[in-house]
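Work through the exercises below with the sequence and the model side by side. Try each task before reading its solution.

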Amino acid sequence: MTATSGIGGSTAEAELAALKPWANPAPAITAAERAERMARAQALMGEIGADAIVVGAGPSLRYFTGVGWNATERLVAMILPRQGGPVMICPRFELGSLQASLGIEAPIALWEEHESPYALAADQLRKLGARTLAIDPALPFFVFNGLRKAAPDVAPLDGAPVIDGCRMIKSPAELALMSQAKAMTLEVHHRAARILAEGITATAVKRFIDQAHRALGADDGSSFCAVQFGVASAYPHGLPGDQKLSLGDIVLIDTGCKVQGYNSDITRTYVFGEPSAEQRRVWEVEKQAQAAAFAAVKPGVPCEEIDAVARRVLQAAGFGPDYELPGLPHRTGHGIGLSIHEAPYLVRGDKTPLAPGMCFSNEPMIVLPETFGVRLEDHFYVTQDGAAWFTQPQPSLDQPFAVKN
């Protein structure tokens with residue numbers, strides 16, 4: 001079978017039967033917290049000289065209003081003035097759905113299918129006396145272009161300092177939701193490892209991971225899932241097609257879920273069977289790089305320094321330098337919250353000072369081209385003194401998961 005503890009010996013059916021909805025779900029974000037977010041956004045708008053900001057459907061709209069809709073060709077948005085309350089823009093036929101989703105009190109301006117939502121938005125801006133408009137950085141170009149044509153006298157501004165300035169610092173309520181999501185995904189990882197058997201396909205493991213996330217109560221099952229065996233693990237985002245598991249293969253599983261929109265994203269790497277000396281060596285270097293990056297976290301330290309710390313560990317072990325292979329081909333980590341990847345980033349060039357409440361992945365992957373890859377990914381949040389893990393890192397190559405009491 002396998003020399004690695006906790007790998008194999010069970011079935012998907014048995015593991016799913018043992019799962020129940022999460023026992024202590026984190027509380028939802030309150031209307032009072034959303035009001036605090038808007039007040040913060042208005043203060044940041046003042047710093048960049050914006051009279052108003054437009055936020056389109058997507059994670060940022062959910063952040064401010066509770067409406068968890070994805071962007072489509074129909075404009076659904078919030079216009080928030082620097083002073084006063086927001087107004088929502090919505091198709092008339094979606095009114096009932098919007099009201100059921102809205103987590104704030106706000107008037108709703110409606111447009112019919114044959115009408116221009118951009119003209120409606122421009123009218124709202126005129127009523128507000130807005131001469132400058134901060135643009136949600138995730139707003140589709142066609143929406144920006146429609147607004148620009150409908151309100152040519154309103155100067156557009158980059159809204160990233162407002163959006164990122166709010167979202168990159170997580171509140172205690174956000175940290176609780178993220179902690180739940182990450183704990184759920186780690187439980188799914190543990191159980192996925194137990195269903196592994198020689199010949200199992202990556203597709204079968206992905207199917208189980210989605211079902212397990214659903215059984216625990218994640219928003220929509222797995223928000224993403226990568227299962228890579230053997231050589232496929234040498235490609236950070238895998239290879240097309242399916243793979244079957246063989247003895248001696250590296251197993252790399254990267255998956256996550258959402259809880260009330262907040263993301264988890266955890267990777268575990270271990271071996272199905274007896275690890276080779278090279279697999280052990282590379283895994284240990286990866287572990288050291290992840291630990292060094294975590295230890296370097298302090299408020300005020302530039303984000304790029306955490307990436308540099310991890311790379312120094314890898315280079316000392318003969319990997320790299322920089323992004324060269326064998327070594328680390330991508331950034332050490334990314335911000336996470338309502339988006340799985342969001343600002344700021346642990347990468348050269350991002351000089352954002354770390355601050356309490358920021359949340360990041362820590363994943364300095366090592367790639368050996370056409371051979372195998374090792375990625376250990378856990379997430380931390382910045383505290384007043386340093387960093388704290390959401391989930392405990394993988395204990396060892398031979399023991400991928402902490403022993404439960």
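**Exercise 1.** Is Glu370 buried or exposed?

*Solution.* Begin with what is being read: this is a predicted model, in which local features need pLDDT of at least 70 and side-chain atom pairs count only at pLDDT 80 or more, while totals for chains, interfaces and linings use all residues. Residues are numbered from 1 along each chain as its sequence is written, and side-chain values use heavy atoms, with hydrogens and water left out.

Next, recall the cut-offs: buried means under 20% relative accessible area, exposed means over 50%, and partly exposed lies in between, with a 1.4 Å probe and protein chains only. Glu370 has a relative accessible area of 64%, so Glu370 is exposed.

**Exercise 2.** Locate Glu370 and Gln260 in the chain, and describe the phi angle of each.

*Solution.* First, place the residues among the helices (DSSP runs of H or I, at least four residues) and strands (DSSP runs of E, at least two), both numbered from the N terminus. Glu370 sits in the loop between β14 (366-368) and β15 (372-374), and Gln260 in the loop between β8 (249-259) and β9 (262-263).

Second, read the angles: Glu370 is not a glycine, yet has a positive phi of about 60°, and Gln260, not a glycine either, has a positive phi of about 50°. As background, most residues other than glycine have a negative phi, and most peptide bonds are trans.

Third, consider accessibility once more: Gln260 has a relative accessibility of 28%, so Gln260 counts as partly exposed.

**Exercise 3.** Which peptide bond from Gly320 is cis, and which bond before Pro326 is cis?

*Solution.* Start at Gly320, where the peptide bond to Pro321 is cis, with omega near 5°. Then move on to Leu325, which is joined to Pro326 by a cis peptide bond with omega of about 0°. Finally, find their place: Pro321 lies in the loop between α11 (303-316) and β11 (333-335), and Pro326 also lies in the loop between α11 and β11.

**Exercise 4.** Describe the surroundings of Leu177 and Ile163, using contact to mean heavy atoms within 4.5 Å.

*Solution.* Take Leu177 first, which is found in helix α8 (residues 172-194). The relative accessible area of Leu177 is 0%, so Leu177 is buried. Leaving aside neighbours within four places in sequence, Leu177 is in contact with Ala26, Pro27, Ile29, Val259, Gln260 and Tyr262, and Gln260 is the residue whose positive phi appeared in Exercise 2. Leu177 and Asn263 are 86 residues apart in sequence, but 8.5 Å apart in space, C-alpha to C-alpha.

Turn now to Ile163, found in helix α7 (residues 160-167). With a relative accessible area of 3%, Ile163 is buried. Not counting residues up to four places away in sequence, Ile163 touches Ile53, Val55, Ser60, Phe64, Asp136 and Pro137. The C-alpha atoms of Ile163 and Arg40 are 9.8 Å apart, although 123 residues separate them in sequence.

For contrast, look at Pro25, in the loop between α1 (12-17) and α2. The C-alpha atoms of Pro25 and Arg131 are separated by 44 Å, with their positions 106 residues apart along the chain.

**Exercise 5.** How many residues does the largest nonpolar core have?

*Solution.* Apply the rule first: a nonpolar core is a set of buried Ala, Val, Leu, Ile, Met, Phe, Trp, Tyr and Cys residues joined through side-chain atoms within 4.5 Å. The largest one has 81 residues, and those with the most contacts inside it are Phe64, Leu196 and Tyr270. Helix α8 gives the most to this core, with eight residues. A second, separate core has 22 residues, including Ala52, Leu75, Ala122 and Leu133. In soluble globular proteins, nonpolar side chains tend to be buried together.

**Exercise 6.** What are the helix and strand counts of the protein, and what share of the residues is buried?

*Solution.* Counting gives 11 helices and 17 strands. The radius of gyration (taken over C-alpha atoms) is 23 Å, close to the 22 Å of the globule rule (2.2 Å times the number of residues to the power 0.38) for 405 residues, so the protein is as compact as a globular protein of that length. Lastly, buried residues make up 52% of the 405 residues.

Key:
Contact = heavy atoms within 4.5 Å.
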